[in-house]
Amino acid sequence: MPRSSLSETISSMELVDAHCHRVLEGPVDAAGFELAATEATRPAPPGVSHLDGAVGLAIRRWCAPVLGLDGGAPIDQYLARRSALGAPEVTRRLLGAAGLSHLLVDTGPAASGLMPTDALAGLAGAEVRQVVRLEDLAHALAARGVAAAELAPAYVEELAKATRDAVAVKSIVAYRHGLRVDPRRPDPVEVHEAARRWMAGPALGRLDDPVLERFVLWCGVDRGLPLQVHTGFGDRDLALAESDPALLQPFLEAVEPTGTPVVLLHCYPYHRHAGWLAQVFPNVYVDVGLTVAQVGARADAVLAELFELAPFGKLLFSSDGYQLPELYLVGAAQFRHSLTGLLEGWVAAGVMRADEAERLAVALGSGNAKRLYNLP
Ligand SMILES: [Zn+2]
């Protein structure tokens, strides 16, 4: 069957990866690869592999041909080919095949062995723009020895500096105390008191104080750049039941008058809740993120569910690629494939015209992100 013009458009269009991280610079062994490919942080029990699931199938399907193997090649063969080619060549091939024009990179988490962003840009053939993590910035100031009384003004100044060339800010409040966020702006006395408590211990812990979390969130809102918020699944450091984006509703109500856009990242398995929030809040957007790569072939169903309520102009693509270049390519290839199937089905069923479907595909792949993040 000849490929439709819609399918040609989707396979050749450049994507804006609106939320990703950095890749590992050096080689990774089989056990490390298995853990980096999923959200698991513990090895699988004997007889089980984390790669024997949706994301493993997607890696073998989309990445093996780019490394010169047959699609679906067994994982042992894939990993052997990977080490034979060497990390720089593997990264260059996989990132190049993802067809990305821009990478919006959250430089946290700062694990060791990650490639500098300019090297990442070179290997991906894409422009890299920075996303500043709100919690990390406060932690860096406290670690530098800023006094508790000075934390608030120093943070505002530091955020202005750090975001001069950034396209967005990001919060991982889901990982710190969940999304049941008290929507009130904390007053300066509360912030000072909380900073004093946080900095009083013998060693500086991570920023998880609810008052300081609210403080950095509101500083992010005041900055006016899109505020990306991790929602839904991730690794087991978060409480999944507290990561439902619907829990953010009071905070979203409070942010709405400011006009600052809030981008709900990942969202799964609460992506339908996120779709509703995007419909009822003018400033709320939904990014498919981590979900598309991790659910593999089931991305067809997840994308279809995101299309139920969210206005199409509010949907964004990202890979949430981190450590393994495979995750960038799987995110992009699976997104293209699932989107093609979904829209071709709609065109065939008379849901929308073919030319409209093509315009929608380009909007989802890059147009919405360029508008929201003010990219050239
Ligand atoms: Zn991420």
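These are my notebook entries on a predicted model.

**Zinc site**

I began with the zinc ion. I looked up its protein donors and found His19 through NE2, His21 through NE2 and Asp320 through OD. They lie 2.0 to 2.1 Å from the ion. Along the chain I read the donor spacing as H-x1-H-x298-D. The pair His19 and Asp320 links distant parts of the chain, being 301 residues apart. I placed His19 in strand β1, residues 15-20. Asp320 I placed in the loop between β8 (315-316) and α16 (325-348).

Next I asked myself whether His19 and Asp320 are buried or exposed. Both are buried. For Asp320 I noted a relative accessible area of 11%, which is under the 20% limit, so Asp320 counts as buried. I also checked the backbone of Asp320. Its phi is near 55°, a positive value in a residue other than glycine.

**Loop between β6 and α13**

I went looking for another positive phi and stopped at Cys267. Its phi is near 70°, and again the residue is not glycine. Cys267 sits in the loop between β6 and α13. At 1% relative accessibility, I logged Cys267 as buried.

I then checked the peptide bonds of this loop. Which bond is cis, with omega near 0°? I found that the bond from Tyr268 to Pro269 is. Pro269 belongs to the loop between β6 (262-266) and α13 (271-280).

**Met13 and its surroundings**

I moved to the loop between α1 (5-12) and β1, where Met13 is found. I recorded 9% relative accessibility for Met13, so this residue counts as buried. What does Met13 touch, leaving aside neighbours within four places in sequence? My list reads Gly99, Phe335, Arg336, Leu339, Ala361, Val362 and Gly365. I took Gly99 further. Met13 and Gly99 are 86 residues apart in sequence, yet their C-alpha atoms are 7.5 Å apart in space.

**Ser366**

I looked up Ser366 in helix α17, residues 354-372. Its relative accessible area is 9%, so I entered Ser366 as buried. Not counting residues up to four places away in sequence, Ser366 touches Glu14 and Val16.

**Salt bridges**

How many salt bridges does the structure hold? I have 19 in the notebook. I went through several of them in turn.

I started with Lys161 and Glu158. Their closest N and O atoms are 3.8 Å apart. That falls within the 4 Å cut-off, so the pair qualifies as a salt bridge. Both residues lie in helix α8 (residues 151-162), three residues apart, about one turn of the helix. I checked their exposure too. Lys161 is partly exposed at 43% relative accessibility, whereas Glu158 is buried at 16%.

Then I turned to Arg196 and Glu193. The closest N and O atoms of this salt bridge are 2.5 Å apart. I found both residues in helix α10 (residues 188-200), three residues apart, about one turn of the helix. Arg196 is partly exposed, with a relative accessible area of 42%. Glu193 is also partly exposed, at 35% relative accessibility.

I also noted the salt bridge of Asp355 with Arg353, with closest N and O atoms 3.0 Å apart. Asp355 is partly exposed, with a relative accessible area of 36%. I then looked for shared partners. Glu89, Arg92 and Arg93 are joined into one network by salt bridges that share partners.

**Helices α7 and α11**

My last entry concerns a helix pair. I looked up the axes of α7 (residues 134-143) and α11 (residues 210-223). They come within 9 Å and cross at roughly 115°. I noted the crossing of α7 past α11 as right-handed.

Which residues make the contact? From α7 I listed Leu134, Glu135 and Ala138. From α11 I listed Glu213, Val216, Leu217 and Gly220. I sorted the contact by class and got four nonpolar, one polar and two charged residues.

Conventions: Residues are numbered from 1 along each chain as its sequence is written. This is a predicted model: local features need pLDDT of at least 70, side-chain atom pairs count only at pLDDT 80 or more; totals for chains, interfaces and linings use all residues. Side-chain values use heavy atoms; hydrogens and water are left out. A salt bridge is a side-chain nitrogen of Lys or Arg within 4 Å of a carboxyl oxygen of Asp or Glu. Helices (H or I, at least four residues) and strands (E, at least two) are DSSP runs, numbered from the N terminus. Buried means under 20% relative accessible area, exposed over 50%, partly exposed in between (1.4 Å probe, protein chains only). Contact means heavy atoms within 4.5 Å. Donors are N, O and S atoms within 2.8 Å of the metal (3.2 Å for Na, K and Ca); water is not among the atoms, so sites may look incomplete. Axes are lines fitted to C-alpha atoms, for helices over the stretch in contact, and angles run from 0 to 180 degrees between N-to-C directions. A crossing is left-handed if the near helix is turned anticlockwise from the far one by less than a right angle, and right-handed if clockwise. Ala, Val, Leu, Ile, Met, Phe, Trp, Tyr, Cys and Pro count as nonpolar, Asp, Glu, Lys and Arg as charged, and the others, Gly among them, as polar.
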